[in-house]
Amino acid sequence: MHDIKENYHKIADSLPPDVQLVAISKYHPCQHIMAAYQEGQRHFGESHQQELTKKASQLPSDIQWHFIGHLQTNKVKNIAPYIAIIESVDSIRLMREIDKQAARNNRTIKILLQLHIAQETTKYGFTLDECRQMLSSGEWRQMKHIQICGLMTMATNVSDEQQIRREFNTAAQFFNEIKTTYFPHDPNFSQRSWGMSHDYHIALQCQTTNIRIGTKIFGERIY
Ligand SMILES: *Cc1c(COP(=O)(O)O)cnc(C)c1O
């Protein structure tokens, strides 16, 4: 617990004021989440619906939960009542379901569009062209219970900082394109979620607004 407090402040206290720290707590127990909560952290991220639902029921209700994992459409209804933002939206089908479940709960759910930029076949997300096509189809404009707040991506898991930087810059440039084309007058389209424990120092130089840090706060995950 002492480590979590120290690790947390090392990162949180060094960030520019316009960057949001999302503490990624997947596979870590509620006590560890509470250690960061007691230091003032309110944004936490989880990647599995069941684990999230269990933790959310046990932890303070002012926590802002971010969903960051691959979300199956049939799981949306379980998180729709309380999720603050779904960062990992990767299909129009999923958008339709989030819109439907948000409406049922009488709320609007914030989402980010996840981009697949990394050179890894295992990562989910829209390619840039798929994302352009989805937005140009215009169907999303009828979805009154979702609010598209920006973009999320993960860089390839490599040690080559130049490659990571290129990928984050691609995402930043794409954000500007989408902002200009579809959301020029929407202040809600403002979030750029990139950077994890090993690469957030690069993301901070590439216009990130949300960094998602697990290991550097809570330690290694035990699967
Ligand atoms: C697990 C995860 C993170 C955090 O990774 P760390 O390397 O532990 O900081 C960030 N983003 C996503 C999408 C994740 O799944």
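These legends go with close-up views of a predicted model, starting at its ligand and moving on to its salt bridges.

**View 1. Here is the ligand with its neighbours around it.** On the list are Ile24, Lys26, Ile68, Met154, Met196 and Ser197, joined by Arg212, Ile213, Gly214, Thr215 and Arg221. Sort this shell by character and you get five nonpolar residues, three polar ones and three charged ones. And where does the ligand sit? The space it takes up is the largest pocket.

**View 2. Now we look at polar side chains that reach the ligand, including that of Thr215.** A polar atom in the Thr215 side chain is 2.6 Å from a ligand oxygen. Arg221 also meets a ligand oxygen through a polar side-chain atom, at 2.7 Å. Over at Arg212, an N or O atom of the side chain lies 2.9 Å from a nitrogen of the ligand. How much of the ligand does the protein cover? On its own, the ligand has 390 Å² of accessible area, and the protein covers 91% of that.

**View 3. Glu46 and Lys55 make a salt bridge.** Their closest N and O atoms are 2.8 Å apart. Are these two buried or exposed? Both Glu46 and Lys55 are buried. As a rule, side chains with opposite charges can pair when their charged atoms come close.

**View 4. Another salt bridge joins Arg96 to Glu139.** Here the closest N and O atoms are 2.7 Å from each other. How many salt bridges are there? The count comes to seven, and the Arg96 and Glu139 pair is one of them.

Key
Residues are numbered from 1 along each chain as its sequence is written. This is a predicted model: local features need pLDDT of at least 70, side-chain atom pairs count only at pLDDT 80 or more; totals for chains, interfaces and linings use all residues. Side-chain values use heavy atoms; hydrogens and water are left out. A residue is near a molecule or strand if one of its heavy atoms lies within 4 Å of it. A polar contact is a pair of N or O atoms within 3.5 Å; within protein, one must be able to donate a hydrogen and the other to accept it, and residues adjacent in sequence count only if both atoms are side-chain atoms. Accessible areas come from the Shrake-Rupley method with a 1.4 Å probe; for residues, only the protein chains shown count as cover. On a 1 Å grid over the protein atoms alone, a cavity is a set of points where a 1.4 Å probe fits but cannot get out, and a pocket is an open set with protein on both sides within 12 Å along at least five of seven lines; lining residues have an atom within 4 Å of a point. A molecule sits in a cavity or pocket if more than half of its atoms lie within 2 Å of its grid points. Ala, Val, Leu, Ile, Met, Phe, Trp, Tyr, Cys and Pro count as nonpolar, Asp, Glu, Lys and Arg as charged, and the others, Gly among them, as polar. A salt bridge is a side-chain nitrogen of Lys or Arg within 4 Å of a carboxyl oxygen of Asp or Glu. Buried means under 20% relative accessible area, exposed over 50%, partly exposed in between (1.4 Å probe, protein chains only).
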